[in-house]
Protein chains: 2
Amino acid sequence: MIEGRQGGESLLFLTDEQLRKGIEAMFFAYRGFTADPDRILENHAYGRAHHRAIHFINRTPGTTVNNLLSILGVTKQSLNRVLRALIDDGLVESRVGVRDKRERHLFLTDTGQTLERALSDAQCARMRSAYRAVGPDAVVGFRQVLEAMMDPEARTQFKKIKEET
Amino acid sequence: MIEGRQGGESLLFLTDEQLRKGIEAMFFAYRGFTADPDRILENHAYGRAHHRAIHFINRTPGTTVNNLLSILGVTKQSLNRVLRALIDDGLVESRVGVRDKRERHLFLTDTGQTLERALSDAQCARMRSAYRAVGPDAVVGFRQVLEAMMDPEARTQFKKIKEET
DNA sequence: TTGGAAAGTCAACAAGGCTGACATAAAGTC
DNA sequence: GACTTTATGTCAGCCTTGTTGACTTTCCAA
């Protein structure tokens, strides 16, 4: 009773139909969300996996492999394949840890940053135009729902990224 | 302090940092979004592709293969592999068209509906709890941003589904 | 000094995308 | 009636990106 405030009316946004529309909205929107970067990646013989690695290395430069692994939620074999390609192609630099020499700290090279820019420019452009179309209040709601949909560990990682800025 | 419009207009929600956080939120949220169904599908030796087919056949019973193809945005070879498995396993029924006998109309069988229920119950549960946690206004914003992020054709399809109810 | 953590690598496999080629049946057209 | 187009299905082969399992090297720390 406390929950939906408005008297007896309207938990309308919780009807089965509304929830299913939400599910479909996520599906279609995610396709749009990845469409622009995908087009760019094609020209570089890279895929979404490379994009994700590039994105998070850019966001937390110097991150270790293990840390990246837990953010991306894949196996090290999977990540390693992608990482090796990026390192071989000179987009990512892997520096041996100073304090702990077992660790590798990952950085984007200039070339890597250039690609990162191209990818994020494209993706941000769509985001920006969507944000602009709906206004700040909707954006706040958008972010709130997304955050509430995450697994708790993912939410923790999400909050951790760049909060140190 | 009033959220969006501090001082001179504040397009603060359009800063690079905000946009990147939005991108990351989509990434982490989508993982949560698919996590519950994925667990169920494992036990059935199905994947996300099967889930999507089941979902949209349930939403528009009697849909043709071609229509499903354009909703899912994959090739017929890809869809066919998935569809064949579902038909062979007795979850989907394919009926020859009455008006046009070239067409196949797709329906979920009782078994198919049972699995669909299990999948959507899991996914809706997460959706519902997220919606409930943030309230109706945030949900409206959420849906608005998602819709604005879609490609135009996807948006058209999105709106078409179930509007006839 | 030894156990265990971080990283890397090899091999094999599966899902689910893709392209290209080709087959069939039914509709539609001239 | 012959021809073309459409809807569907299927075979074969390829790619990306995920998985498991086994094994090595390096090196920190107790």
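Colleague: Which residue is the bridge partner of B:Glu93 in β3(B)?

Modeller: In this predicted model, B:Glu93 has B:Phe107 of β3(B) as its bridge partner.

Colleague: What makes β2(B) and strand β3 of chain B a pair?

Modeller: The criterion is at least two bridges between the strands. β2(B) and β3 (residues 104-108) of chain B share five bridges in the antiparallel sense, so they count as paired.

Colleague: What is the order of the strands in the open sheet of chain B, and which are the edge strands?

Modeller: The three strands are ordered β1-β3-β2, with antiparallel pairing. β1 (63-64) and β2 (92-96) of chain B are the edge strands, since each pairs on one side only.

Colleague: Which helix of chain B lies across β1, β2 and β3 of chain B, and at what angle to β3(B)?

Modeller: Helix α2 (residues 48-59) of chain B does, and runs at about 100° to β3(B).

Colleague: What is the arrangement of the open sheet in chain A, and where are its edge strands?

Modeller: Its three strands also follow the order β1-β3-β2, with antiparallel pairing. The edges are formed by β1 (63-64) and β2 (92-96) of chain A, each of which pairs on one side only.

Colleague: How do you know that β1(A) and strand β3 of chain A pair?

Modeller: Two bridges join β1(A) to β3 (residues 104-108) of chain A in the antiparallel sense. The cut-off is at least two bridges, so this count satisfies it. Within β3(A), A:His105 stands opposite A:Thr64.

Colleague: Why are α2(A) and α4(A) called roughly perpendicular?

Modeller: The axes of α2 (residues 48-59) and α4 (residues 76-88) of chain A come within 10 Å and cross at roughly 75°. The range for this term is 65 to 115 degrees, and the two helices are therefore roughly perpendicular to each other. A:Ala49, A:His50 and A:Ala53 of α2(A) meet A:Leu79, A:Val82, A:Leu83, A:Ala85 and A:Leu86 of α4(A). These contact residues comprise seven nonpolar, one polar and no charged.

Colleague: What is the angle between α1 of chain A and α5 of chain B, and which term follows for α1(A) and α5(B)?

Modeller: Helix α1 (residues 16-42) of chain A packs at about 90° against helix α5 (residues 110-134) of chain B, with the axes 10 Å apart. That value lies in the range 65 to 115 degrees, which means that α1(A) is roughly perpendicular to α5(B). Among the residues of α1(A) in this contact are A:Asp16, A:Arg20 and A:Ile23, while those of α5(B) include B:Gln123, B:Met127 and B:Arg128. By class, the contact has four nonpolar, three polar and three charged residues.

Colleague: How many residues of chain A are in contact with chain B, and which helix gives the largest share of that side?

Modeller: 52 residues of chain A are in contact with 52 residues of chain B. The largest share of the chain A side, 16 residues, comes from α1(A). That side has 30 nonpolar, eight polar and 14 charged residues.

Colleague: Which residues are the closest to DNA strand C, and which element gives the most to the surface near DNA strand C?

Modeller: Of the 23 residues that surround DNA strand C, the closest are A:Thr64, A:Asn66, B:Gly47, B:Ala49 and B:Thr75. α4(A) gives the most to this surface, with four residues. The surface divides into four nonpolar, 10 polar and nine charged residues.

How values were computed. Residues are numbered from 1 along each chain as its sequence is written. Chains are lettered from A and ligands numbered from 1 in the order in which they are written. This is a predicted model: local features need pLDDT of at least 70, side-chain atom pairs count only at pLDDT 80 or more; totals for chains, interfaces and linings use all residues. Two residues are in contact if their C-beta atoms, placed from the backbone, lie within 7 Å. Axes are lines fitted to C-alpha atoms, for helices over the stretch in contact, and angles run from 0 to 180 degrees between N-to-C directions. Angles under 35 degrees count as roughly parallel, over 145 as roughly antiparallel, 65 to 115 as roughly perpendicular and the rest as oblique. Ala, Val, Leu, Ile, Met, Phe, Trp, Tyr, Cys and Pro count as nonpolar, Asp, Glu, Lys and Arg as charged, and the others, Gly among them, as polar. A residue is near a molecule or strand if its C-beta atom, placed from the backbone, lies within 6 Å of it.
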